[in-house]
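Q: Please take a close look at one part of this structure, starting from a single residue and its charged partners. Then work outwards and show what else can be said about the parts around the charged pairs and the open spaces.

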Amino acid sequence: MEEIAHAVILRNENYLALRENKDQYWKLPGGGIKHGETPLTALARELREEVEITHFTIEQTLKPFRLFFKERHMRFHSFVITTDQEPHIQEENTRVEWQPL
């Protein structure tokens, strides 16, 4: 099973969504948990790599959930966070948008 850490980043009744070049759907920032990482350290690494966010506050840790998608079995570790930093797009992402809740 693939382990994923991702974040719902909240600001002013909106959440941050990403859309990558190769995909036609929006996603939350985050990604795979590497061997030896905790979900939180993986989240911090992914936020730094994807949107250059390095300082954030965890508002809530959600219960992990499992998902089967395109023959992948994944367990998501979800965090609700806030930050004062503005996201900066890395080359793998085409768009970063604040979406209404």
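A: Begin with E46, which counts as buried because its relative accessible area is 9%, below the 20% under which a residue is called buried. The model is a predicted one. The partner of E46 is R45, and the two form a salt bridge in which the closest N and O atoms are 3.0 Å apart. R45 is also buried, because its relative accessibility is 9%. The pair does not stand alone: salt bridges with shared partners join E37, R45, E46 and E49 into one network.

A search of the whole structure finds eight salt bridges. Two others deserve a description. One of them joins the side chains of K27 and E50, at 3.1 Å from N to O. K27 belongs to the loop between strand 2 and strand 3, while E50 belongs to helix 1, so this salt bridge ties together parts that are 23 residues apart in sequence. The two ends differ in cover. E50 is buried because its relative accessible area is 3%, whereas K27, at 22%, counts as partly exposed.

Another salt bridge is made by the side chains of E3 and R75, with a distance of 2.5 Å, N to O. E3 is in strand 1 and R75 is in strand 6, so the pair ties together parts lying 72 residues apart in sequence. Both ends are partly exposed: E3 has a relative accessible area of 22%, and R75 has a relative accessibility of 26%.

K27 also leads to the largest pocket. The lining of this pocket is made by 22 residues, and those nearest its centre are Y25, K27, R72, M74 and F76. Several elements give two or more residues to the lining: strand 1 (2-11), strand 3, helix 1 (39-51), strand 5 (65-69) and strand 6 (72-82). Of these, strand 1 gives the most, with four residues. Sorted by class, the lining has nine nonpolar, nine charged and four polar residues. The space in the largest pocket comes to about 550 Å³.

Y25, one of the residues nearest the centre of the pocket, is found in the loop between strand 2 (14-20) and strand 3 (30-32). Y25 counts as partly exposed because its relative accessibility is 38%, a value between the 20% and 50% limits of that class. On the surface, Y25 also takes part in a nonpolar patch with F65, L67 and F69. Together the residues of this patch have about 340 Å² of accessible area. A patch takes residues with over 30% relative accessible area and no salt bridge, and the 38% of Y25 meets the limit on area.

The last stop is I53, in the loop between helix 1 and strand 4 (57-61). I53 is buried because its relative accessible area is 1%. From I53 to Q85 there are 32 residues along the sequence, yet their C-alpha atoms are 6.3 Å apart in space.

To put the charged pairs side by side: R45 with E46 is part of a network, K27 with E50 links a loop to helix 1, and E3 with R75 links strand 1 to strand 6.

Terms used: Residues are numbered from 1 along each chain as its sequence is written. This is a predicted model: local features need pLDDT of at least 70, side-chain atom pairs count only at pLDDT 80 or more; totals for chains, interfaces and linings use all residues. Side-chain values use heavy atoms; hydrogens and water are left out. Patches are made of residues with over 30% relative accessible area and no salt bridge: like charges are joined within 9 Å, nonpolar side chains (Val, Leu, Ile, Met, Phe, Trp, Tyr) within 5 Å. Accessible areas come from the Shrake-Rupley method with a 1.4 Å probe; for residues, only the protein chains shown count as cover. A salt bridge is a side-chain nitrogen of Lys or Arg within 4 Å of a carboxyl oxygen of Asp or Glu. Buried means under 20% relative accessible area, exposed over 50%, partly exposed in between (1.4 Å probe, protein chains only). On a 1 Å grid over the protein atoms alone, a cavity is a set of points where a 1.4 Å probe fits but cannot get out, and a pocket is an open set with protein on both sides within 12 Å along at least five of seven lines; lining residues have an atom within 4 Å of a point. Grid points are joined across faces, edges and corners, and a volume is the space filled by probe spheres set on the points. Ala, Val, Leu, Ile, Met, Phe, Trp, Tyr, Cys and Pro count as nonpolar, Asp, Glu, Lys and Arg as charged, and the others, Gly among them, as polar.
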